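This report looks at one buried strand and at how two domains meet. Keep the structure open while reading.

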Amino acid sequence: MQATKHAESDRDTDSKAAHGASDTDPDAQYDFMVVSNRLPVDRCAADEPGCEDGWRRSPGGLVTALAPMMTKTDGAWVGWHGAPDEHLQPFSHGGIDLVPVQLSTHDIEFFYEGFSNATLWPLYHDVIAPPEFHRTWWDSYRKVNRRFADAVIHHASPGATVWVQDYQLQLVPKMLREARPDLKIGFFNHIPFPPPEIFAQLPWRRAIIDGLLGADLVGFQRSSDAGNFMRSARRFLGASVKQQQVHVKGSDGVTTHIARAQAFPISIDVQQISKLARDPEIIERARQIRQDLGNPKTILLGVDRLDYTKGIPHRLKAYEELLADGKVTVEDAALIQVASPSRERVEHYRLLREEVEGTVGHINGTYDTLQNTAVRYLNHNYPIDEMVALYLAADVMLVTALRDGMNLVAKEYVTARTNNDGALVLSEFAGAADQLKQALLMNPHDIDGLKDTIMKAVNMQPAEAARRMRSMRKQILDHDVDRWSSEFLSALEEKVIRDDS
Ligand code: G6P
């Protein structure tokens, strides 16, 4: 990918970037831009774990996947830096040029917590929680999308490639196309796209589809997501859809361009995880973790943002029943649940936290002994080295999502198991299930099935574990995140051959 940065002005700026970062030209133009709600770094307080010079790595799979590409590219990343009402000039951090977009306290409440995370997030995740529809939230969503689009319009050089990310910014592709028809516009949806029967509930369904269709290429995690999107384009906009091509018409009924919709399953930085997994200090840390837990026969691990889509209560219920049945004991097994704080001011997230903490307290109160604890619940963010040490320490990884675009934790665990041991219990409702067919796949709603699958993982013979792990590792090693981004970007560059047949 060719990307150059053109300095248009070298005038000083009055507002400086934060510590640990250096200012860049506020009018620089770029041939390649990524746009996402969050920048790869997030504002933090000095006493928070993982906070260095006022910044820490942003949460979630999106940043995990895109950061490696951006450190190797001469482009810029447009996004929010995680603090309300703070205006920052463009700056560079960790080798990436960043263009911060400001969000006010009102925007955070209406655009981010409201429309993005209490309307779209539940709607796109099988309505596990009921979505709320408020016109004031929608107004804010439009205004904030406009602000992101304006930042791109200011910084994109003529003919630049712009890659817009995720559900928070679905109106940006059309805004860009209207203002800058010279741009190549890609969009990638990191979360599922719902079937039209569910998407139909959204009062602004036409505007969302229309916004996405501003892109030349709309990427999804699974081919079922791409199919859902094309069915919605047909049903709600009357678009003509042929194969993977949506013919987008102007108000005069003439086709203005063709948007393609296709699956590009996202992945992880395989090299980084493999290197950490072979680092003697991290291997020693994994040994230490096992020892601190009293060297149990089996360590089970869950790693999630504390989100109701992740199926944490289902996992705890299954584990509690296994303890009650005597199939596992606190002497022989320990469950570590890392649940990193997320969207804590949104009501359903607050309720989930109360539920999970109540259940963990109940399980531990019932089954702990003075020496052993049933569930180690860790409501923190950890740096990647500590995560890899946990992956190395864990015999069984539990990914029980009720719906998940991909789930990169599953891919990280498999990549870290360089000895081809360990077992992955994986929900069939996570996008990763399409690629990791040798995982122990299960339906997390079926608690008996989940219990059986956990026991199968706990008791799996080394030869079977190695056969499964080898096959999953091969899949991921062949399809790392570099391949994901280069396949998307080369598809974006391809000339569209009209399929009018
Ligand atoms: C998921 C989404 C991302 C989001 C991340 C963290 O991975 O796909 O867009 O950034 O969760 O959530 P947050 O609300 O903290 O940005």
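How far apart do the C-alpha centres of domain 1 and domain 2 lie? The distance is 30 Å. The model is a predicted one, and the values below are computed from it.

## Domain layout

The protein splits into two domains. Domain 1 is made of residues 13-266 + 484-493. Domain 2 covers residues 270-479.

Both domains give residues to the contact. Domain 1 contributes 26 residues, and domain 2 contributes 25 residues.

## The interface

About 2,200 Å² is buried between domain 1 and domain 2. Carbon and sulfur atoms account for 57% of that area. On the domain 1 side, three residues stand out: Trp121, Ile128 and Arg222. They supply 29% of the area that domain 1 buries against domain 2. No other three residues supply more.

Polar links also cross this interface. There are 3 salt bridges between domain 1 and domain 2. In addition, 8 residue pairs are in polar contact across the interface, with both residues at pLDDT 80 or more. Two helices each supply at least two residues of the side of domain 1 that touches domain 2: H1 (61-71) and H2 (105-124). H2 gives the most, with 6 residues.

One salt bridge can be described at the level of its atoms. The side chains of Asp126 and Arg403 meet at 3.2 Å, N to O.

## Strand E6

Is strand E6 buried or exposed? Strand E6 spans residues 76-80, and 5 of the 5 are buried, so the strand is largely enclosed by the rest of the structure. Buried here means under 20% relative accessible area.

Side chains in a regular strand alternate between the two faces of the sheet. In E6, Ala76, Val78 and Trp80 point one way. Trp77 and Gly79 point the other way. The residues of both sets are buried.

## Neighbours of E6 in the sheet

Which strands pair with E6? One is E3 (residues 29-38), which pairs with E6 in the parallel sense over 4 bridges. Within this pairing, Arg38 stands opposite Trp80 of E6.

Another partner is E8 (residues 96-100). E6 and E8 also run parallel, joined by 4 bridges. Here Trp77 of E6 stands opposite Leu98 of E8. Trp80 and Trp77 thus appear twice in this account: they point opposite ways from E6, and each has a residue opposite in a paired strand, Arg38 for Trp80 and Leu98 for Trp77.

Definitions and conventions
Residues numbered from 1 in each chain as written. Predicted model: local features only at pLDDT ≥ 70, side-chain atom pairs only at ≥ 80, totals over all residues. Heavy atoms only, no water. Buried < 20%, exposed > 50% of the residue type's maximum accessible area, 1.4 Å probe, protein only. Pairing = 2+ DSSP bridges. Domains from an automatic or database assignment. Contact = heavy atoms within 4.5 Å. Buried area = accessible area lost by both parts, 1.4 Å probe. Salt bridge = Lys/Arg side-chain N within 4 Å of Asp/Glu carboxyl O. Polar contact = N/O pair within 3.5 Å; in protein donor to acceptor, adjacent residues only side chain to side chain.
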